[in-house]
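Visitor: Please take me through one part of this model closely. I would like to see how its helices and strands are put together, and then what lies around that part.

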Amino acid sequence: MTEDLYQEVLLEAAENPQNYGTLTDPDFEFQGYNASCGDKITVQLKLDSEEKVTEIAWQGDGCIISQAAMSVVSEAVKGKTLSQIQKLGLADVLGLLHFDTISPGRIKCSMLGLGSICKAIEEVA
Amino acid sequence: MSFQQNSRDDFPVLGTSVHGKPLVYLDNAATTQKPNVVIDAIANYYKQSNANVHRGVHSLSDKSTLALEEARNTITHFLGAKNQELILTRNTTEAINGVLYGWALHNLTKGDVVVTSQLEHHSNFVVWQQVCKMTGAELKVVPVNANGELDYEWLESHTQKVKLMAFTYVSNALGTVLDVQRVVSVARNVGARVLLDGAQAVAHMLVDFTKLGVDFFAFSGHKLYGPMGSGGLLVRQELLDKNEMHPWLFGGGMIAEVHADHTLFHDDPVERFTAGTPDVASAVGLAAACEYLTNIGMETVAQHEATLVAYALEKLAQIPSVEILGPLTNRVGSVSFLYAGVHAHDVAQVLDSQGIAVRSGHHCTMPLHLAHDWIATTRVSFAIYNTKADVDTLITGFEKVSQVFGK
Ligand SMILES: Cc1ncc(COP(=O)(O)O)c(C=O)c1O
């Protein structure tokens with residue numbers, strides 16, 4: 001399990017996170033929070049007129065799983081509409097990370113990024 | 001130490017394996033494992049004595065009532081308290097909430113002050129934030145110095161209008177031990193009540209409630225080798241006698257007379273604070289745990305664990321990536337640390353893959369973590385069945401952490 005969990009892909013994703021940083025002029029911004037460990041993530045989005053994500057940036061500290069998941073999710077949501085993003089779930093995140101499964105204790109870590117994006121969409125919708 | 005090998009064999013779960021490796025259980029501050037005597041006591045209660053208490057004239061009910069009474073005697077004797085001073089609860093959290101509903105709401109008003117500290121578990125923190133919201137009292141938080149110790153001078157200079165001081169006896173994050181005497185003397189000078197959160201103390205040191213001189217003492221049975229769902233609140237006799245402490249759960253069992261328009265509560269505090277059917281089996285299990293520890297001797301337990309903590313501190317200090325948190329002396333039970341460049345969850349996961357169970361996160365002490373800018377920490381915590389070999393396995397376990405993350 002650990003050997004799979006900390007495979008190259010994951011370490012690479014966490015080491016060189018995609019879309020890490022901030023946007024100068026985001027359409028909306030929100031913070032995600034993992035209450036079990038205190039990990040925090042800030043995500044910013046820019047949308048086009050059809051509510052498709054054109055740009056995304058995020059920042060935060062966290063474990064490798066939450067960082068890598070946020071990295072791959074940030075790539076995956078580009079070009080998607082808000083309602084398409086809301087349909088994504090744990091299975092999609094695991095797929096992006098090339099995981100078959102994850103231990104129950106780490107589900108929160110892997111869902112921190114996507115979960116916060118979805119919550120923020122709910123709030124603005 | 002002679003009790004050691006026996007004590008390992010007493011705990012069936014320690015014979016299991018995790019990911020094909022023998023379990024090395026170092027998350028005892030979260031909950032301890034249960035010895036056979038506890039598991040058997042619970043099973044035997046259900047096999048031989050199960051009936052509701054006080055509710056019947058039949059023999060089985062008497063047997064169950066007696067089992068509860070004996071269990072209460074054993075538990076209170078173990079903690080140096082009187083039988084009637086014990087209110088059984090599900091855990092520490094429920095016990096502390098009992099002080100909120102049974103004492104604070106009746107005794108605090110706007111302008112009063114409750115003092116707690118940065119070191120507290122959320123159970124002994126959020127409750128006081130809430131009570132201040134409810135009553136208009138003010139919450140003051142004693143800062144903790146770089147060593148993880150309370151700033152007692154701060155406490156001594158912030159005593160105005162203080163009605164309650166609520167502190168943890170032993171910190172679950174840093175192992176810091178409270179200077180109870182000093183706190184009690186400050187409190188007595190200003191007429192404040194003292195609550196000790198004893199969750200991390202009871203399994204590691206001899207506790208004598210009467211000698212401590214505090215007003216409330218909360219503890220969890222499940223951290224004391226007893227069953228989940230067991231714990232208690234000790235309330236000093238004087239508060240019960242003066243009716244300063246009120247029942248906060250109402251219903252069957254706790255009453256003397258019920259009329260259509262009013263109810264008289266039971267005179268006997270034990271009855272008055274036992275609303276509804278008590279969890280007799282858990283009480284019996286917890287009593288078995290207390291007996292088990294008494295047989296080993298709490299001094300022996302304390303000595304053994306002090307050796308382990310000192311050994312762990314020594315070995316951890318030799319790993320360059322590890323930064324030990326908290327005091328280096330006068331600490332009990334838990335050792336938390338940061339691993340440079342690797343998040344605590346990732347450290348814990350790699351250790352888990354080797355059968356080593358440790359805790360990662362903020363251990364329900366967010367104010368402490370925020371004050372120090374720690375996102376998450378890793379914690380190892382010890383019990384009677386742990387050995388130096390467990391510490392050695394842990395230390396070797398870090399080699400893989402270093403391999404996987406290159407740090
Ligand atoms: C110091 C301290 N207080 C309170 C608690 C809460 O205990 P429980 O979850 O059994 O209510 C804990 C448990 O981790 C603790 O360590």
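Guide: Start with a helix on a sheet. This is a predicted model. In chain A, helix α3 (residues 64-76) lies across β2 and β3. The helix runs at about 170° to β3(A). A second helix, α6 (residues 107-124) of chain A, also packs on the sheet. Helix α6(A) touches β1, β2 and β3 of chain A. The direction of α6(A) makes about 140° with that of β1(A).

Now the sheet itself. It is open and has three strands, in the order β1-β2-β3 (chain A). The pairing is antiparallel. β1 (28-34) and β3 (53-61) of chain A stand at the edges. Each has a single partner strand, so one side of each is left without a neighbour in the sheet. Neighbouring strands of this sheet are turned by 20° against each other on average, direction ignored.

Look closer at one pair. β1(A) and β2 (residues 39-47) of chain A are joined by seven bridges and run antiparallel. To find the register, take Gly32(A): its bridge partner in β2(A) is Ile41(A). Strands of a sheet pair through backbone hydrogen bonds, either parallel or antiparallel. In a regular strand the side chains alternate between the two faces of the sheet.

Next, the partner chain. Chain B has 15 residues in contact with 21 residues of chain A. The area buried between the two chains is about 1400 Å². Carbon and sulfur atoms give 55% of that area. Three residues of chain B stand out here: His345(B), Gln349(B) and Ile375(B). They supply 38% of the area that chain B buries against chain A, more than any other three residues.

Chain B has its own open sheet, with seven strands. The order is β4-β10-β9-β8-β7-β5-β6 (chain B), and the pairing is mixed. β4 and β6 (138-142) of chain B are the edge strands. Each has a single partner strand, so one side of each lacks a neighbour in the sheet. The twist averages 20° from one strand to the next.

Within this sheet, β5 (residues 113-117) and β7 (residues 162-168) of chain B pair in the parallel sense over three bridges. Val115(B) has Met165(B) as its bridge partner in β7(B). Here too a helix crosses strands: α7 (residues 180-190) of chain B lies across β7 and β8 (193-197) of chain B. Helix α7(B) runs at about 170° to β7(B).

Another strand pair in chain B is a hairpin, with four residues joining β11(B) to β12(B). β11 (residues 255-258) and β12 (residues 263-265) of chain B run antiparallel, joined by three bridges. Val258(B) stands opposite Thr263(B) in β12(B).

Last, the empty space. The structure holds one cavity of 30 Å³ or more. About 30 Å³ of space lies in the largest cavity. Its lining includes Arg72(B), Leu86(B), Phe273(B) and Thr274(B). β4 (86-89) and α10 (269-272) of chain B are the elements that give two or more residues to this lining. β4(B) gives the most, with three residues. By class, the lining has six nonpolar, one polar and one charged residues. That ties the cavity back to the seven-stranded sheet of chain B, which includes β4(B).

Terms used. Residues are numbered from 1 along each chain as its sequence is written. Chains are lettered from A and ligands numbered from 1 in the order in which they are written. This is a predicted model: local features need pLDDT of at least 70, side-chain atom pairs count only at pLDDT 80 or more; totals for chains, interfaces and linings use all residues. Side-chain values use heavy atoms; hydrogens and water are left out. Two strands pair if DSSP finds at least two bridges between them. Axes are lines fitted to C-alpha atoms, for helices over the stretch in contact, and angles run from 0 to 180 degrees between N-to-C directions. Contact means heavy atoms within 4.5 Å. On a 1 Å grid over the protein atoms alone, a cavity is a set of points where a 1.4 Å probe fits but cannot get out, and a pocket is an open set with protein on both sides within 12 Å along at least five of seven lines; lining residues have an atom within 4 Å of a point. Grid points are joined across faces, edges and corners, and a volume is the space filled by probe spheres set on the points. Ala, Val, Leu, Ile, Met, Phe, Trp, Tyr, Cys and Pro count as nonpolar, Asp, Glu, Lys and Arg as charged, and the others, Gly among them, as polar. Buried area is the accessible area (1.4 Å probe) that two parts lose on being put together, summed over both.
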